[in-house]
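Good morning, and thank you for coming. I would like to take you through one structure, beginning with a single element and working outward from there.

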Amino acid sequence: MQSGKDYLYSELHREEVPYFRRRKKMKFSKDEFGANLRAARARADMSQEQLANKAGLSASSIIGYENGSMVPGVDKAYAIAQALGCTPNDLMGWNTDEAA
């Protein structure tokens, strides 16, 4: 058994597993988020005001997210995704099938 911080011994599976699995890094782009948000909002046939009300945010926040001048926190991105019927990953442009 190797020792060190690169490996972790799993008692449950009785095997060594890499401590840090190599995964594709998912980068955040304000522009991509804004474009995906606009597209999702159009598919849902919602105005910025309607989305803001449904997500519990202000219309100016939605406008800021769409034009890239503001970045939503995780809680806000989740609320927006819930209001639009999609996932935060969809809004971020992250394909979780490729990243896994």
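Please look first at helix α3, which covers residues 59-67. Its buried residues are A59, S61, I62, G64, Y65 and E66. I should say at once that this is a predicted model.

What covers these buried residues of α3? The cover includes three other helices, namely α1 at 30-43, α2 at 48-55 and α4 at 74-84. Directly after α3 comes G68, whose phi is positive, at about 85°.

Let us now take one of those covering helices, α2, together with α3. Their axes come within 8 Å of each other and cross at roughly 110°. An angle from 65 to 115 degrees counts as roughly perpendicular, and α2 and α3 are therefore roughly perpendicular to each other. The crossing in which α2 passes α3 is right-handed.

Which residues meet where these two helices touch? From α2 they are Q48, E49, L51 and A52, and from α3 they are A59, I62, I63 and E66. Sorted by class, this contact comprises five nonpolar residues, one polar residue and two charged residues. Three names on the α3 side, A59, I62 and E66, also appear among the buried residues of that helix. On the spacing of such residues, a general point may help: an α-helix has 3.6 residues a turn, so residues three or four places apart point the same way.

I turn next to α1, another of the helices that cover α3. Within α1 lies N36. Which residues does N36 contact, once its neighbours within four places in sequence are set aside? They are D90, L91, M92 and G93. In sequence, N36 and M92 are 56 residues apart, while in space their C-alpha atoms are 7.2 Å apart.

Let me close with the chain as a whole. The protein chain holds six helices and two strands. Reading from the N terminus, the order is β-β-α-α-α-α-α-α, with both strands preceding the helices. Of the 100 residues in the chain, 28% are buried. The chain exposes about 7,200 Å², and carbon and sulfur atoms supply 49% of that area.

The pair N36 and M92 also leads to a figure for the chain's contacts. Taking contacts between residues at least 6 apart in sequence, 47% join residues at least 24 apart. With its separation of 56 residues, the contact of N36 with M92 belongs to that group.

Thank you for your attention.

Conventions:
Residues numbered from 1 in each chain as written. Predicted model: local features only at pLDDT ≥ 70, side-chain atom pairs only at ≥ 80, totals over all residues. Heavy atoms only, no water. Helix = DSSP H or I, 4+ residues; strand = E, 2+ residues; numbered from the N terminus. Buried < 20%, exposed > 50% of the residue type's maximum accessible area, 1.4 Å probe, protein only. Contact = heavy atoms within 4.5 Å. Areas by Shrake-Rupley, 256 points an atom, 1.4 Å probe, with all protein chains shown as cover. Axes fitted to C-alpha atoms, helices over the stretch in contact; angles between N-to-C directions. Parallel < 35°, antiparallel > 145°, perpendicular 65-115°, else oblique. Left-handed = near helix turned anticlockwise from the far one by under 90°. Nonpolar A, V, L, I, M, F, W, Y, C, P; charged D, E, K, R; others polar.
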